[in-house]
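Me: I have a model open and would like to learn how to read it. Could you walk me through it, one feature at a time?

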Amino acid sequence: MTKYWAKLIKLAIWLIPVIALGILILFLSPRRNKQSLRIDQTAIIIQEINRVAQLFTARYYDELVLDTFKLQPRGNIQRFWSNFSSPAPFSGRVQDDFQRVDLVVIARGTVMAGYDFGLMEPADMIIEGKSIVFTLPPPQILEVIINPSDYEVFIEEGRWSLEESVALKQKAGRLMVERAVERGIFTRSESTARAILTRLFLSLGFDQIEIRTSPDDVSESLRHVPLPG
Amino acid sequence: MIHPKANPCTLLPLLHYWLILVAVGFLASCNRSEKTPEPITIMQLQEMSEMATAEFVVSKIVKATDVPPWYKVGERKTLISVKARIKAGIDLRQLNDQSLHISGNSVVLHLPPAQLISLNIEPESIRQEYEWRGFFRSPFSNQERNLLLQQAEQDIRSGVAQMGILETASLHAALFFESWFRLMGFEHVEVTVANKTLETTGLN
């Protein structure tokens, strides 16, 4: 009987490390963390081709951390553990049926401002001999870009729908536009546009160049832009 | 726990065996070391001098299947549709003294080649069209969905060259400058893009 146990223990001494090593390698393997997602190749459909004339003159780069939370019903097992761990006087509360779940994301984005020359009228460019008077339209936010590669989910507890994630991205976009305007994106945009146009008109042989700005103020110009959300 | 009468010498192979296993385990864990990426420094507010002349709106369906690893049961499938707005045009900083030739009422403009200015996958254009999952599987997380969307973004970005957007942007830029120069009073206007004369007559 003792021999039998000795054999069994010896076998265990040989087998346990092999199993432990197998589990260790499985969990440490970089392949474990790789997605098992198979993404099929699908076509890219061109839906529209538009002719535009937009002068991009300023770019603002920003990085934001956004968080949101919601209350989500607890599962039966979680409720059981909650009741098990809470002292009796506190169990049975409404809060015990719900749990707070957080979503924290890091959004990097680019806000681009400039001028839409497609909105210009012929009267915005007055030429007399070698002099030119050019009226710039109001500067606009032309693009707010937060692409999937600029977006990182840092903490995701519970279940969050795609729509909830999209809403957070839209909020990030709105915040970035506000911050870009605060940091003077329109002022930078105008000074760059003036420099570009002056250089161009000088090259074309004009010696008297006047660049006017449209009477519309900056807040008015924001209304032309479909801001995210 | 070893048999009391066992010879200590018989334990030596067992000791070697344990040492080898520990060494293998240690080496396996060493493979996980990752390189720390170099920090990137970017100016928050920058100047740009780019004239966008073509805008393409493209759509793509992301079709993905999650084939489970051995320790999970059941598949997951998802279909997500995305739209991207791509703008291309000319970098005006590349225009120099040699780009513009004027003689009397004639002007010749040499434009630099068109380039991609922006690729924007607007959040509101992302839609979950369909999702299916096995009984034992949890729904796709936003992290997983974002990985799929990143793949779609990469596909669209690498497909830009085949879409003809750069050629369209060059042509539109030529049309824009031609009509501008005519408004300024030039009668003969010729626009070339990267040493290629564009036929703009009749396209206005």
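**Reading the model together**

Reply: Happy to. Trp5(A) is a good place to begin: this residue sits in helix α1 of chain A, which covers residues 2-28. Keep in mind that this is a predicted model.

Me: Is Trp5(A) buried, exposed or partly exposed?

Reply: The general idea is to look at relative accessible area: under 20% is buried, over 50% is exposed, and partly exposed lies in between. Trp5(A) has a relative accessible area of 44%, so this residue is partly exposed.

Me: Which residues form a nonpolar patch on the surface with Trp5(A)?

Reply: Tyr4(A), Leu8(A), Leu11(A), Leu15(A), Ile19(A) and Ile23(A) join Trp5(A) in that patch. Together they offer about 710 Å² of accessible area.

Me: Let's turn to chain B. How many helices and strands does chain B have?

Reply: Chain B has three helices and eight strands. Reading from the N terminus, the order is α-β-β-β-β-β-β-α-α-β-β. Of the 204 residues in chain B, 45% are buried. For the fold, look at how far apart in sequence the contacting residues are: taking contacts in chain B between residues at least 6 apart, 76% join residues at least 24 apart.

Me: How much area do chain B and chain A bury between them?

Reply: Buried area is what two parts lose on being put together, summed over both. Here chain B and chain A bury about 7,900 Å², with 61% of it on carbon and sulfur atoms. Gln44(B), Leu45(B) and Met48(B) supply 10% of the area that chain B buries against chain A, more than any other three residues. The contact involves 90 residues from chain B and 82 from chain A.

Me: How many salt bridges and polar contacts should I look for between the chains?

Reply: The count is three salt bridges between chain B and chain A. One to find is Glu143(A) with Lys87(B), whose side chains meet at 2.8 Å, N to O. Across the interface there are also 35 residue pairs in polar contact, both residues at pLDDT 80 or more. On the side of chain B that touches chain A, β1(B) gives the most, with 21 residues.

Me: Why does Ser118(B) count as buried?

Reply: Ser118(B) is in strand β5 of chain B. Its relative accessibility is 2%, and the cut-off for buried is under 20%, so Ser118(B) counts as buried. Leaving aside neighbours within four places in sequence, Ser118(B) is in contact with Met112(A), Glu143(A) and Ile145(A), and also with Arg85(B), Ile86(B) and Lys87(B). Among these are Glu143(A) and Lys87(B), the salt-bridge pair from before.

Notes
Residues numbered from 1 in each chain as written. Chains lettered and ligands numbered in written order. Predicted model: local features only at pLDDT ≥ 70, side-chain atom pairs only at ≥ 80, totals over all residues. Heavy atoms only, no water. Patch = residues over 30% accessible without salt bridge, like charges linked within 9 Å, V, L, I, M, F, W, Y side chains within 5 Å. Areas by Shrake-Rupley, 256 points an atom, 1.4 Å probe, with all protein chains shown as cover. Salt bridge = Lys/Arg side-chain N within 4 Å of Asp/Glu carboxyl O. Helix = DSSP H or I, 4+ residues; strand = E, 2+ residues; numbered from the N terminus. Buried < 20%, exposed > 50% of the residue type's maximum accessible area, 1.4 Å probe, protein only. Contact = heavy atoms within 4.5 Å. Buried area = accessible area lost by both parts, 1.4 Å probe. Polar contact = N/O pair within 3.5 Å; in protein donor to acceptor, adjacent residues only side chain to side chain.
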